[in-house]
Structures are given as structure tokens and as C-alpha cells.
Number of protein chains: 2
Amino acid sequence: MSEMSATSVDRTPTRIALVEAALRLFGRKGYDAASTREIAAEAGANIAAIAYHFGGKEGLRRACVEAIGDRLSAIVGPPLPAPVGRAEARVLLERVVRAAAMFLSTAAPARDMVAFLLREVSEGGPELDRIFATVVEPRHRHLCALWGAATGTPPESEATRLAVFAMVGQVLYFRIGQPVVLRRMGWQTISPDAAGRIGDLLVRNLHAALAAGERTTP
Amino acid sequence: MSEMSATSVDRTPTRIALVEAALRLFGRKGYDAASTREIAAEAGANIAAIAYHFGGKEGLRRACVEAIGDRLSAIVGPPLPAPVGRAEARVLLERVVRAAAMFLSTAAPARDMVAFLLREVSEGGPELDRIFATVVEPRHRHLCALWGAATGTPPESEATRLAVFAMVGQVLYFRIGQPVVLRRMGWQTISPDAAGRIGDLLVRNLHAALAAGERTTP
DNA sequence: GTCTATAAACAGATAGAC
DNA sequence: GTCTATCTGTTTATAGAC
């Protein structure tokens, strides 16, 4: 069968190549602008293979969402770790922000994944429910737990959830807005050095925001 | 003639209606997904009117960028005000952040404009140069001037420019990520009240970031 | 499973009447 | 300026050979 759950995906080489190519092209040009012919060509496969493996273009989009969920799990680990102390939570948050800044600024696949996800979210696409349930909600909840531990505030309070969204927005903008960031900074690319300085800034903002959040509800 | 500079745009009713419809549909579905037939229908005009007024679909995209530039100027005023003192700069920045949070969270046209711009930027579309020159660069430079005045740091230093981008990213995410924000917050819509609380958070983060920026280069 | 060939719908652009 | 009608290319999906 070609319809499988996310827990046991078949490892057909063409299937994998198709998802990879689709992720790249959906991310760069958008779902509608990327044609199935183009995707198949980039994957070194036939157009009919898309219908065979995914039932159609929409199935390929869904497979991309599932692939992103899997990659994210592989990169940042399982969504829910053990609860931690205040100092430890701070260190973990700092580490997440710095790693995200580095990954988002430099890694090429990050561009395509973020662009794809943000477009789907912004448009309210048909995979929004799955995106929220598998990539947004678990990670956000995890960050809220860390934030709550770091500030001593309730992890699921409105203030905490909004604060985490603000932090995420800061990091993500350096990815989606990268073309204008590069122009404004006079850079041709984001060097590892520059990515480090962006990470420094975001960590500084993180500590500042944590301190401000602490003051409001001590 | 139908090719005019941004300073003197002709006010043909159908032309205006077409740009408005295009901005809406480009913003919601993306440039490629929005068909010229659809745009013409929503504008109450004929398909051939697009070719007549804009020379083609690409011309319509360009007209959208120019329209956004004009609207932005009308909303936030001319890009370059007089230099200000430290306390005044703080107040102005606070006002900008709060106004942006309110506008971006609630106003319907904001969604389409931001979605359109961010997609064009992210894709590196053909209008990127114009977008950077007319909407990004002047506003960013203005904010940097305010930031520099508020912290006593050089307005065009790397740290200042990056800090302003981070602040902008925070605000923008509540617009483009709104569907997931709503889900995570358990809201059906962003009420004026909720927008106010988001504004409060962003202003708090602004002050925290300003203080942190001050400490590094006093 | 992978291919070729093709169907059916749709896109953007344009010619020409009014 | 605005319309109808149409041209040309491209899209996704599918039928059927291998």
C-alpha cells in the first residue's frame, strides 16, 4: 500500500527522492508554483511516480509535512524531556536559541523547511492541523515548560505562551527575512561568524526577556 | 500611457480595484496560485484589463509593491523625521511597537500586505530590489536611528541593525504565524484586548532589549 | 514499480469589435 | 477603456504497456 502512517514510512528510494525534491521546490517557489514535472525531474523520477506513491500532488504535500516532523525529531530530539531546575532551564533555553540561530542562518535545508511551513501556516493550508499537532504544538509546549522553569511562572500561562512565540519569531525572521537582512547588513552570505553574533544577540535578548518576565510575576 | 512612475499613479477606478484585489489574493494564496481571472472577477473587471493597465501579471505584482509603499507612507508617515533625544526616542519606539502590534494583529489588509511582502522576500522574487529600497530600507534605517538615540549606540552599527531586525521579527511573527498562535492560545480571533496584551509584551521586551543593548556599549 | 502517451482543465496573453 | 472570443502553452491526473 502507498498510504502508511507516520510511524512506519516505506523507504522506497524514489519515494524519498520525491519528498526531498518536493521539500526543496515547495519551500523555494511555493506549493502551486512548483510543478509535479519539475519535482519528478529533480528527483530523477517519473511524473507518474507521484500519483503512484502519494496519490497526487496533495499527498506529496502531506508527505513533506510528515518528513519535516521526522527531521525535527531527529535534530532536536523527542519533544518532552524531564522537568528541570531554574538554572538548568536557562542554560537549555540559551542552547536552543543559539543552536536555532546557527541552524536557521546557515543550513540550506532549514531555508526550505521554514519557508514551506510558514507558507502553509500563513495560507491556512490543508495540512495546518497536522503541522500544528506534530511540529508546532509539542515544541512550543516544551519551550513553555523551560520558560516557566526559568522564570518561575506557570508554563501554560498566557504570558508565557506569548513570550515563547515572541522569542520564536525573533529567531525565525532571520531565516525568512534573510534576503533583506543580507542586503541591509551588506553581507553576501551569513558566515558562521555572523551567525554566532546573531546568536549572541538573541541570547542577550532571551536573558533580558526572562528577567523582564520574572519581574512581572516574581 | 499605462506605465507611470510611483509618484504620479493614475487613479482609474478599475486600476485601483485590480490592485486591491491582487493584493488580497496574492497575499492569501501567493502570486502563482492567484489566477488573473480570479483577480479580475474579484475586482469586478475583465481579464483583459490586467494586460491593458499593467502589461501583464508581472506588472500587477509590481503595482502591488508600489501600492504597499504608498499605503505604508500614509500610515506611518514619511520615513525620516528629525533626530530626537534619548527619552523621546524611547517613547517613539514604544509607540511604533504598540501601533504595529495592534495593526498587524487586527487589521485585515495587514495580513495580505505582510504575507505578500514576506513571500516575495523569502522567494527572492523579481520585485525584491524595489521592496528593499521602498519599504524595508527606509523604515529600518529610521528605526535604527531611534534605537541608536535610545541606547546611545551608533545607529548604523552592526549590533543596532541586528537588534532592530530582531524586534521587527518579533512583531511580524504574530501576523504570519497567527493561525498557529490562535490555536495555541485557544482564541478564535485576536481581540483588541488580546492585541493590547501582545503589545504590552512586545513593549516589555523592547525595554529589556534596549537596556541590554545599553549595557554592552554604555 | 516505472514508464509513455494522452486526456481534460486551466493558465496568461492577445486580436479585434465596440 | 472595456468587452468577447480565442490562441498557445502548461497543468495534474490517468490509462495501459512493460
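**Around DNA strand C**

Visitor: How far is a polar side-chain atom of Ser35(B) from a phosphate oxygen of DNA strand C?
Guide: Look at Ser35(B) and DNA strand C. A polar contact is a pair of N or O atoms within 3.5 Å. The distance from the polar side-chain atom of Ser35(B) to the phosphate oxygen is 3.4 Å.

Guide: This is a predicted model; local features need pLDDT of at least 70, side-chain atom pairs count only at pLDDT 80 or more, and totals for chains, interfaces and linings use all residues. Residues are numbered from 1 along each chain as its sequence is written, chains are lettered from A and ligands numbered from 1 in the order written, and side-chain values use heavy atoms, without hydrogens and water.

Visitor: What distance separates a polar side-chain atom of Lys57(B) from a phosphate oxygen of DNA strand C?
Guide: Thr14(A) places a polar side-chain atom 3.0 Å from a phosphate oxygen of this strand. For Lys57(B), the distance is 2.8 Å.

Visitor: Which elements give two or more residues to the surface near DNA strand C?
Guide: Near means a heavy atom within 4 Å. Helices are DSSP runs (H or I) of at least four residues. Chain A offers H3 (47-54), and chain B offers helix H2 (36-43) and helix H3 (47-54).

Visitor: How many residues does H3(A) give to the surface near DNA strand C?
Guide: H3(A) gives the most to this surface. Its share is three residues.

Visitor: How many disulfides are there over all chains?
Guide: A disulfide is a pair of cysteine sulfur atoms within 2.5 Å. The search covers the whole structure. Its count is zero.

Note on methods:
Polar contact = N/O pair within 3.5 Å; in protein donor to acceptor, adjacent residues only side chain to side chain.
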